[in-house]
Amino acid sequence: MPGYSDPGFDTLALHAGAAPDPSTGARAVPIHLTTSFVFESSDHAAALFNLERSGHVYSRISNPTTAVLEQRISALEGGIGAIATASGQAALHLSIATLMGAGSHIVASTALYGGSQNLLHYTLRRFGISTTFVKPGDIDGWRAAIRPETKLLFGETVGNPGMDVLDIPQVAQIAHEAGVPLLVDSTLTSPYLMKPFELGADLVYHSATKFLSGHGTVIGGIVVDGGSFDWDRKCADGTSKFAELSAPYDGFHNMVFTEESTVGAFLLRARREGLRDFGACMSPHTAWLILQGVETLPLRMERHMSNTRRVVEFLAAHPFVANVGHPMLPTHKSHALAEKLLPKGAGSVFSFDMKGNREQGKKFIETLKVFSHLANVGDCRSLVIHPASTTHFRMTDEALAAGGITQGTIRLSIGLEDPADLIDDLKRALKAAEKST
Amino acid sequence: MYFNVNGHETYCYTGGKPFDPAKPTIVFIHGVVNDHSVWILQTRYLAHHGFNVLAVDLPGHCRSAGEAPASVEDAAAFVAALLDAAKVQQAALVGHSWGSLIALEAASRLKERVTHLVLVGTAFPMKVSSALLETSLNEPMKALEMINVFSRSTLAPPPSALGPGTWVYGASMALGRRVIASNSKVNVFHRGFKACDSYANGEAAIAAITCPVLFVLGAQDQMTQAKAAQPLIAKARETGKQVEVATLPVGHHQMTELPDATLFAIRDFLRR
C-alpha cells in the first residue's frame with residue numbers, strides 16, 4: 001500500500017499486518033490453528049532455528065494469525081514490533097523476566113491493577129526481584145527510589161481505579177537519566193487515547209482482554225517495543241546495565257541481541273527465551289478474536305468516551321454521590337495532566353464514592369440491571385465492581401489508600417449502550433441505595 | 001567485531017560466526033540512516049553457509065567512530081581501507097541504496113580485489129529532490145517519515161528481521177532515529193543524501209569494474225525506481241560486463257520486505 005503519507009490510525013486498525021491471503025484470496029485474516037509449520041528442507045529448518053531466515057516453526061514461538069495482531073498493535077502504538085501473550089499479566093511478566101533476574105530492582109507506581117501490584121510486591125520478591133512503590137504524581141519520589149540495581153520504572157497510563165494520570169514525559173526523563181527504561185501498562189487508554197512512545201515510554205503492554213478486544217470474550221496480552229531504548233548502556237563502573245541483551249547469551253547460540261538488532265534486542269530475547277521457556281503464548285484463535293475488536297477500536301473508543309462524559313456529568317451532579325474520580329472533572333488531581341496528555345479523554349473506567357455505608361453500596365450494585373457486576377473492564381457492555389472486596393482485596397488499607405481507593409469506592413466501566421439507559425440504571429440504583437437505610 | 005580503520009574503531013557484524021579470512025568474504029554496505037542491522041537475515045544466513053561476512057557500520061554511524069563520509073568517493077576509500085585492516089585480499093561487495101553507490105565506486109577502484117558486485121535498490125544518477133535535501137537538513141525527523149513512506153510497498157510484509165510480529169515501518173523509523181542520534185557532530189542524514197545526490201562517477205565506475213554485477217531492484221520502489229537503474233545496467237552491458245538483474249515485487253527495503261527473495265538472489269549470484 002504505497003502512499004504519500006503515513007497511513008492513519010483508522011486505516012492501520014484495519015490493514016496493518018494483513019493483506020488478502022495469497023493462497024486462497026481470503027480477505028479477512030485466516031485463523032491458522034496449527035501447532036507447527038512444515039520445513040521446506042533440512043537447511044530451511046536449521047536456518048529458522050538459527051534466525052538466519054524468518055518464519056514460523058511452532059505456534060508457541062510465533063503464528064501467522066498472531067503475527068498479524070502483533071504487527072497491528074505495533075503499528076497503532078508506533079512501535080517496532082510486539083509479542084502477544086496469554087494475558088496482560090503474562091505480558092508484564094515477560095517484560096520483566098526479559099530484562100532482569102535475582103538482585104534487580106523495580107520502581108513502580110502505587111496506582112496499579114491489583115494483580116500487577118501482587119506480582120511485584122509478593123511473587124517477584126520470592127524470585128529475588130524487589131520493588132519500591134511510589135505515588136504516581138510524586139516525581140521526586142520516583143527519582144529518589146532509583147538504586148544502582150534498578151532495571152525498570154513501571155506505571156499505568158491511567159492508574160486503576162483512581163485514574164491517576166502518569167506524567168510519562170517526566171517519569172521517562174527520570175528513567176532515562178538513570179539509564180533504565182520506562183514500561184507502561186496502557187490497557188485503560190488504548191493507543192486511541194494515548195501513544196505512550198510519543199511521550200517517552202520505551203515499552204508498552206496491554207491486557208488485550210479489555211479495550212483492544214472489546215467484547216469480553218477472550219483473555220490476552222501484548223507487549224510492544226518502541227525501539228528507542230539503548231540497551232548497550234553501561235553502568236558507572238563500565239559494566240553492562242542490561243547484559244541480558246548486550247552480552248553473549250549461551251542459551252541461544254551465544255547471540256548478542258544488541259548486535260543482531262540495533263533497535264529490537266528486547267523483542268529478540270523476549271521471543272527466543274521468554275516464549276520458548278516460560279511459554280505464555282497467545283492462541284491464534286484468541287489473536288483472531290482480538291483482531292475483530294481492533295478493527296473497530298477507533299469507533300468504539302469514541303463511543304466509550306462520549307458515553308463516559310454523559311455518565312460522569314450525571315454522577316457529579318447527583319446529591320447522593322460524594323465524589324466522582326474522573327480526570328475530566330476539574331476537581332480531579334490529574335485534571336490538568338489529562339488535558340495535556342489525553343486530549344481525547346482519559347478513559348471510560350473510573351470510580352465514584354457514594355454517600356452512605358457499605359450496605360448501601362451493596363444495594364446499589366445489586367439494583368443495577370444494565371451494568372453487570374463482574375471483574376473486568378473495557379467490555380462493550382457497562383460493568384461495575386467494588387474494588388476493596390474484589391480486584392484489590394489483597395491490599396492493606398494503607399496500600400488501598402495509596403492507590404486512591406476507599407472501602408466505599410465503586411468502579412464503573414462505561415460501555416457502548418444508549419447513554420440514557422445507563423443513566424436511568426444508575427439513577428434507579430442510587431435511589432434504591434439511598435432508601436435502603 | 002571491531003577493526004581499526006584509518007585510526008578509528010570500526011564495527012562489523014560477522015553474522016554470528018567468528019571472522020575467518022580463509023573463507024570467501026562479503027562486505028555489506030548500508031544506506032543513509034541505516035546501519036549493519038538492515039542486513040541481519042542475509043548476513044546471518046551467508047555466515048552460516050560458507051562465507052565470511054562483514055556488515056559494516058559506516059564511519060560516524062552507530063557503533064563506528066570516525067568522520068561520516070561526505071561523498072561516495074570518501075566512503076569507497078574507507079571500504080578499501082577496511083579490506084586492508086581486515087587483511088582481506090578479495091571480497092564481494094553488496095550495497096544498498098547509498099551503499100550501492102559506495103560499493104560500485106569501491107569496485108571500480110579495487111578492480112580484481114572485488115569478486116562480485118551486488119547493487120540493491122540502486123539508481124544512477126541518485127538524485128535527491130531539493131525539498132527532501134532541505135528537509136533532511138532542517139527537519140530530519142520529518143524527512144525520516146517521508147522516506148519511510150516512500151521506501152515501503154506494503155502494510156503486510158512477511159516475517160522479517162526481528163521475526164514474525166515485526167512492524168517494519170516502525171523498525172525503520174526507530175533505526176533512523178537511532179542512527180541520527182548516534183552522531184552528535186554531523187547530520188548524517190543530510191550528509192548521506194548529499195553524497196548520493198552529488199555522485200557523478202556512476203557510469204565511469206561501472207565501466208571500470210572487472211567483476212560480475214547483480215542488480216536487485218524493487219518493482220514498487222519509489223526511492224530508487226527500477227527504471228532509474230537502467231542507465232547503469234545498459235552501461236554495464238555495453239561495456240561487456242556479466243550482468244544479472246533480479247526485480248522483486250517490493251519497495252526500497254528489499255532486505256526486510258522480502259528477506260528470503262533478496263537473500264536467494266544474492267546467494268545464488270555469489271555461488272556462480
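Start with helix H11 of chain B in this predicted model. Select H11(B) together with strands S3, S5 (91–96), S6 (114–120), S7 (213–218) and S8 of chain B: the helix lies across these strands. Against S6(B), H11(B) runs at about 160 degrees.

Now show the whole sheet under that helix. Eight strands of chain B form an open sheet, and the pairing is mixed. Step through the strands in the order S1-S2-S4-S3-S5-S6-S7-S8. Stop at the two edges, S1(B) (2–5) and S8(B) (243–248). Each has a single partner strand, so one side of each is left without a neighbour in the sheet. Look along the sheet for its twist: neighbouring strands are turned by 25 degrees against each other on average, direction ignored.

Next, pick S2(B), residues 8–13, and S4(B), residues 52–56. This pair is antiparallel and is held over two bridges. Click Tyr13(B) and look for its bridge partner in S4(B), which is Ala55(B). Add helix H1 of chain B. H1(B) packs on the sheet and touches S2, S3 (25–29) and S4 of chain B. The direction of H1(B) makes about 160 degrees with that of S4(B).

Now bring in chain A and look at the interface. Here 37 residues of chain B are in contact with 45 residues of chain A. Colour four helices of chain B: H1 (40–47), H5 (140–151), H6 (168–181) and H11 (259–271). Each supplies at least two residues of the side that touches chain A. H1(B) and H11(B), already visited on the sheet, are thus among the helices at this interface. The largest share, six residues, comes from H6(B). Colour the chain B side by residue class: 18 are nonpolar, 13 polar and six charged.

Move on to chain A and select S2(A), residues 105–109. How many of its five residues are buried? Four are, and the strand is mostly covered.

Show S3(A), residues 130–134. Five bridges join S2(A) to S3(A), and the two run parallel. Pick His105(A); its bridge partner in S3(A) is Ser130(A). Then trace the chain from S2(A) through helix H5(A), residues 114–126, to S3(A). This β-α-β crossover is right-handed.

Finish with S4(A), residues 150–156. S2(A) also runs parallel to S4(A), joined by four bridges. Select Ala108(A), and opposite it in S4(A) stands Phe154(A).

Conventions:
Residues numbered from 1 in each chain as written. Chains lettered and ligands numbered in written order. Predicted model: local features only at pLDDT ≥ 70, side-chain atom pairs only at ≥ 80, totals over all residues. Contact = placed C-beta atoms within 7 Å. Nonpolar A, V, L, I, M, F, W, Y, C, P; charged D, E, K, R; others polar. Pairing = 2+ DSSP bridges. Axes fitted to C-alpha atoms, helices over the stretch in contact; angles between N-to-C directions. Buried ≥ 20, exposed ≤ 12 C-beta atoms within 10 Å, placed from the backbone. Right-handed = clockwise from strand over helix to strand, strands pointing away.
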